[in-house]
Amino acid sequence: MPYRFTFDLSKVPRFFFTELTLISYHKGMHKTFLKTAHDLIIKFRIQEATGLNLSDAVVLLQDLIDLQAVNIMERGKFLETKKRAFFLPHCSRKYMDNRCQASFNQDIPSYTCAHCSEDCLVNRADRLAKKKGYDVYLLPGGSCIPKILKNKHYEGIVGVACGEETKLMGQLLSGMNVAGQGIPLIKNGCANTIFNIDTLVKVL
Ligand code: SF4
């Protein structure tokens, strides 16, 4: 389920994400969350950078912090897993039209990147994950994931998605004994979405 708003945090300083991670470690932070969120939004000029109104910016921060908190909680369990999958959203491809050479397998259902463009974010992520032994899926939507998990019995998964989708994914995984790690999109939308490749390297 996508957000009803679009955002682009790709130009916000990396230190913003470091602060979010630090907040995620604080147990009981929900009591002071609103004040903390407002402070961060002002400090990093998030509204000016994204054009979001205050309440949408708060929702976005809350989801980013929640995602990071779940990553921290699940990290130990995830590191013990051997059979792993990596899920990428197709909207992070460099091209959304037939210039993208990825093939689509309806049965999985997933695209397979053909590595046609060196500067494509999906290309870089695909290569990194495969080198680490992951099965990589370039998905047309999150609704494909239950079918893949049912057929392949992965122990651990890493997924790139927006905060809304990672929440749904967390609910799905908790009933399947699969350890998950999420990589947030820092720019959402229907095309040219962005995630941070350094974050991915750390998580993989
Ligand atoms: S590198 Fe892969 S995902 Fe990117 S445009 Fe080419 S085939 Fe598509």
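Pro109 sits in the loop that links strand E2 (103-105) to strand E3 (110-112). The peptide bond between Ile108 and Pro109 is cis, with omega about -5°. Helices (H or I, at least four residues) and strands (E, at least two) are DSSP runs, numbered from the N terminus.

The model is predicted: local features need pLDDT of at least 70, side-chain atom pairs count only at pLDDT 80 or more, and totals for chains, interfaces and linings use all residues. Residues are numbered from 1 along each chain as its sequence is written, and side-chain values use heavy atoms, with hydrogens and water left out.

**Backbone exceptions**

Most residues other than glycine have a negative phi, and most peptide bonds are trans. The table gives residues with a positive phi.

| Residue | Place | Phi |
|---|---|---|
| His115 | loop between E3 and helix H5 (121-131) | about 60° |
| His153 | just after H6 | about 55° |
| Asn192 | loop between E6 and E7 | about 55° |
| Gly189 | hairpin of E6 and E7 | near 130° |

For exposure, buried means under 20% relative accessible area, exposed over 50%, and partly exposed in between (1.4 Å probe, protein chains only). His115 is partly exposed, at a relative accessible area of 27%. Asn192 also counts as partly exposed, at 44% relative accessibility.

**Strand E6 and its partners**

Strand E6 covers residues 179-187; eight of its nine residues are buried, so the rest of the structure largely encloses this strand. Two strands pair if DSSP finds at least two bridges between them. Strand E5 (residues 156-161) pairs with E6 in the parallel sense over six bridges, and Ala161 stands opposite Pro184 in E6. Between E5 and E6 the chain passes through helix H7 (residues 163-174), and this β-α-β crossover is right-handed. A crossover has that hand if, with the strands pointing away from the viewer, the path from the first strand over the helix to the second runs clockwise.

E6 also pairs with strand E7 (residues 194-195), in the antiparallel sense and over two bridges. Lys187 has Ile194 in E7 as its bridge partner. The hairpin of E6 and E7 has six residues between the strands.

Phe7, in the segment before helix H1 (14-25), is buried at 4% relative accessibility. Contact here means heavy atoms within 4.5 Å. Not counting residues up to four places away in sequence, Phe7 touches Leu52, Leu60, Leu185, Ile186, Lys187 and Asn188. Phe7 and Thr18 are eleven residues apart in sequence, and their C-alpha atoms are 19 Å apart in space.

**Helix H6**

Helix H6 spans residues 145-152, and its residues Ile145, Ile148 and Leu149 are buried. These three cover an arc of only 95° around the axis, which puts them on the same side of H6; the arc is that of the directions from the helix axis to the C-beta atoms. Lys150 and Asn151, on the other side of H6, are exposed. The cover over the buried residues of H6 includes strand E1 (84-89), strand E4 (135-139), E5 and H7.

Lys82 lies in the loop between helix H4 and E1 and is exposed, with a relative accessible area of 72%. Lys82 and Gly133 are 51 residues apart in sequence and 9.1 Å apart in space, C-alpha to C-alpha.

**Pocket and cavity**

Both were found on a 1 Å grid over the protein atoms alone: a cavity is a set of points where a 1.4 Å probe fits but cannot get out, and a pocket is an open set with protein on both sides within 12 Å along at least five of seven lines; lining residues have an atom within 4 Å of a point. Grid points are joined across faces, edges and corners, and a volume is the space filled by probe spheres set on the points.

The largest pocket has a volume of about 920 Å³. Its lining has 48 residues, of which Ala161, Cys162, Glu165, Thr166 and Met169 lie nearest the centre. Helix H4 (54-79), E1, E5, H7 and E6 each supply at least two residues of this lining, and H7 gives the largest share, ten residues.

There is one cavity of 30 Å³ or more. The largest cavity holds about 90 Å³ of space and is lined by 14 residues, of which Arg93, Cys100, Cys113, Cys116 and Cys120 lie nearest its centre.
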